[in-house]
Amino acid sequence: MAALTRLMHRRGPDDEGFWRDDRHCILGFRRLSILDLSSAGHQPMHTPDGRYALVMNGEVYNFKEMRTELEQRGVRFRSNGDTEVVLYALAEWGIKALQRFNGMFALGFYDNQDKRLLLARDFAGIKPLYVFQSLQGVVFASQYNQITAHPWASQLKYSQDGLAQFLRFGYIPAPYAAHEGVSMLEPGTWFEVGAGGNARQGRFFDFPINPDPDLSAADAYEAVDAAVTQAVKRQMVSDVPIGAFLSGGIDSPLVTAKMQAVSNQPVTAFTIGMNDSDLDETVDALQYAKELQVEHILQNVTENDALILLDDVVNACTEPFADYSIFPTLLVSRLARQRATVMLSGDGGDELFWGYSGRFKSVLLHADLFKYPKWMRSVYWHAQKYLPNARNLWSIQNYATIGEWYQDRHSHLSEGWARSIFQGLPPMPRSSRLFAYDGHRQDPTADWLRWNEFTGHLSRVLLKVDRGSMYNSLEVRVPLLDKDVIQTACRVDWRSCLNLQTGEGKIPLRKSLSQHTHHQSVEKKGFSVPMDKWMRGPLRKWFEEKVIGQKGLFELEFDQKALRRFFNAHIQGQADNSWGMWILLSAALWQEKNDATVESLRRFHRQN
């Protein structure tokens with residue numbers, strides 16, 4: 001157990017602990033101390049009578065209200081943090097307690113009397129939780145490599161469903177995973193298993209596909225502003241230094257502004273700049289920092305950082321993961337950790353308030369076309385193809401449904417290239433419902449688009465933030481994914497968030513920010529790096545050696561001719577294949593690292 005917990009020493013550098021019952025359950029924990037820094041916050045935490053034990057990653061922000069209620073029921077607390085409150089809440093209310101929690105968490109709660117283990121993950125999926133069900137028992141962990149390195153996982157095979165999604169999207173959405181028998185617990189769900197192996201699972205939160213909005217215009221803007229204000233205030237409770245990530249967009253400046261408004265001293269804000277005019281946001285970030293009067297710390301990313309950070313990227317991503325904005329995420333987290341242990345970020349605003357206006361607009365303006373068969377849409381396309389901006393709509397003739405069209409928009413290794421490079425490419429799993437949408441009316445399509453982004457794309461964003469920050473022993477809180485903000489967002493009519501004529505999205509957040517700053521950026525450039533240039537430059541030889549120089553990936557053989565065509569098209573500037581190239585390169589580097597880690601720990605287990 002100690003060898004496995006050491007794999008996540010960066011997630012918890014401050015303390016280590018273990019707990020076990022007579023023979024059914026062993027819990028291990030590494031702690032990053034945030035609330036109640038004393039030994040009273042040690043985990044695993046258990047009740048004095050030894051019946052209940054808990055390990056929990058994350059924070060539950062409304063713990064003080066629950067603590068008061070539990071004290072009225074006779075509970076006497078020994079600590080001042082949230083973990084003990086969660087322990088007694090679960091002991092008192094069972095699974096129903098999960099609905100009460102407002103926070104980000106992944107937890108394991110064990111009943112030593114009934115010999116039952118409860119696992120649960122927060123409603124937005126901010127904190128990861130992996131589960132491996134084997135013939136010997138159940139293993140759960142915060143990091144994927146703790147699963148693959150466990151002795152019970154020695155014969156794991158790659159999951160076709162997991163690989164099918166990774167090779168297209170660059171990440172594996174819950175509940176899938178890279179190996180058979182392993183899953184990532186879905187956001188807002190729980191899993192319970194007894195000593196005899198009998199298991200059950202359920203959901204305590206489900207983001208609505210078709211909400212019934214009752215807020216619009218000024219009422220919506222006021223409600224969202226109030227919810228965000230309270231969320232930021234609630235999430236600033238900390239016994240260690242706290243700061244903010246500040247980009248040139250709307251979301252993180254809004255969070256920073258709200259922090260500054262309730263703070264009695266200047267908030268420390270951190271920004272990463274790019275030596276690339278298409279990606280750099282420092283001009284906007286500097287303007288925000290000046291107006292908000294925060295202490296602003298800025299660091300630029302150079303091309304050399306690609307090679308310097310490559311080992312950290314591979315080590316931080318303990319599962320196949322190919323969002324290359326992990327590079328600046330690691331950098332800004334390392335920068336912030338020099339001054340703070342907790343950071344607030346602006347993630348979630350785009351997904352909740354229709355912020356990806358480019359792709360939302362194109363789908364919503366042409367959703368009605370999908371009531372016609374493909375041949376009729378093909379006629380429409382050919383009639384429109386010479387008009388301005390029509391080139392972005394060529395694909396409406398190729399897909400049967402909006403769901404299929406939207407899947408193509410999210411595929412970073414196109415279906416054509418993926419099938420030619422991997423002749424044995426696994427098909428998308430039939431069990432996945434992420435892109436199963438065949439509607440065409442504008443209102444339900446708008447709601448589905450938000451559900452899809454919240455359920456799918458947001459999970460990739462949150463995985464990236466968790467990996468990059470926790471690798472630097474930094475906790476990142478996400479006020480725009482506060483439970484109250486999510487519930488408020490679901491009450492807002494989409495037309496009060498997205499203007500199809502101007503293409504302006506996130507209108508409630510923009511209105512809220514305008515109360516704090518005169519400046520407001522028009523278009524966010526994205527938290528990214530110039531991977532297209534890096535693949536032609538410092539990462540080219542890595543791709544040639546680790547990808548082209550190999551027979552295949554994940555036990556799937558390459559078609560070398562197709563792979564060469566794919567590579568040459570990018571190198572010669574005929575196409576931008578950087579996303580797909582990074583999917584392949586990051587996977588090759590992960591596989592090499594994972595195989596070495598697993599083999600090392602297996603030798604350790606054999607010797608001990």
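The side chain of Gln-43 reaches the backbone nitrogen of Met-56, with 3D positions putting the two at 2.7 Å. Keep in mind that this is a predicted model. Below is a quick tour: two buried glutamines, some salt bridges that link parts far along the chain, and the nonpolar cores.

**Gln-43 and its surroundings**

- You'll find Gln-43 in the loop between β2 (26-31) and β3 (45-46).
- Gln-43 has a relative accessibility of 5%, so it counts as buried.
- Besides reaching Met-56, the Gln-43 side chain has a polar contact of 3.4 Å with the side chain of Thr-83.
- Setting aside neighbours within four places in sequence, Gln-43 is in contact with Glu-16, Gly-17, Phe-29, Leu-54, Val-55, Met-56 and Thr-83.

**Gln-165, in a helix**

- Gln-165 sits in helix α5, which covers residues 160-169.
- Is Gln-165 buried or exposed? With 1% relative accessibility, Gln-165 is buried, because the cut-off for that is under 20%.
- The side chain of Gln-165 also reaches a backbone atom, namely the oxygen of Asp-161, at 3.1 Å.
- If you skip residues up to four places away in sequence, Gln-165 touches Gly-170, Tyr-171, Pro-173, Tyr-176, Met-428, Pro-429 and Ser-432.

**Salt bridges**

- How many salt bridges does the structure hold? There are 37.
- One of them joins the side chains of Arg-168 and Glu-415, at 2.9 Å from N to O. Arg-168 belongs to helix α5 and Glu-415 to helix α15 (residues 415-421), so this pair ties together parts that are 247 residues apart in sequence.
- Arg-168 is buried, with a relative accessible area of 0%, while Glu-415 is partly exposed at 28%.
- Arg-234 and Asp-482 form another salt bridge, and their closest N and O atoms are 2.9 Å apart. Since Arg-234 lies in helix α6 (residues 217-235) and Asp-482 in the loop between β16 (475-477) and α17 (483-489), the pair ties together parts 248 residues apart in sequence.
- Both ends of that bridge count as buried: Arg-234 has a relative accessible area of 18%, and Asp-482 has 1%.
- Then there's Lys-506, whose side chain meets that of Asp-251 in a salt bridge (3.1 Å, N to O). Lys-506 is in the loop between α17 and α18 (507-513) and Asp-251 is in helix α7 (residues 251-262), so parts 255 residues apart in sequence are tied together here.
- Lys-506 and Asp-251 are both buried.
- Salt bridges can also link up into a network, as they do for Arg-11, Lys-127, Glu-319, Asp-466 and Arg-467.

**Nonpolar cores**

- In soluble globular proteins, nonpolar side chains tend to be buried together.
- Here, the largest nonpolar core has 183 residues. Which of its residues have the most contacts inside it? They are Phe-101, Leu-107, Phe-327 and Trp-582.
- Helix α16 (residues 442-470) gives the most to this largest core, with 11 residues.
- Apart from that core lies another one of 15 residues, including Cys-25, Leu-27, Ala-106 and Tyr-110.

Key
Residues numbered from 1 in each chain as written. Predicted model: local features only at pLDDT ≥ 70, side-chain atom pairs only at ≥ 80, totals over all residues. Heavy atoms only, no water. Helix = DSSP H or I, 4+ residues; strand = E, 2+ residues; numbered from the N terminus. Buried < 20%, exposed > 50% of the residue type's maximum accessible area, 1.4 Å probe, protein only. Polar contact = N/O pair within 3.5 Å; in protein donor to acceptor, adjacent residues only side chain to side chain. Contact = heavy atoms within 4.5 Å. Salt bridge = Lys/Arg side-chain N within 4 Å of Asp/Glu carboxyl O. Core = buried A, V, L, I, M, F, W, Y, C linked by side-chain atoms within 4.5 Å.
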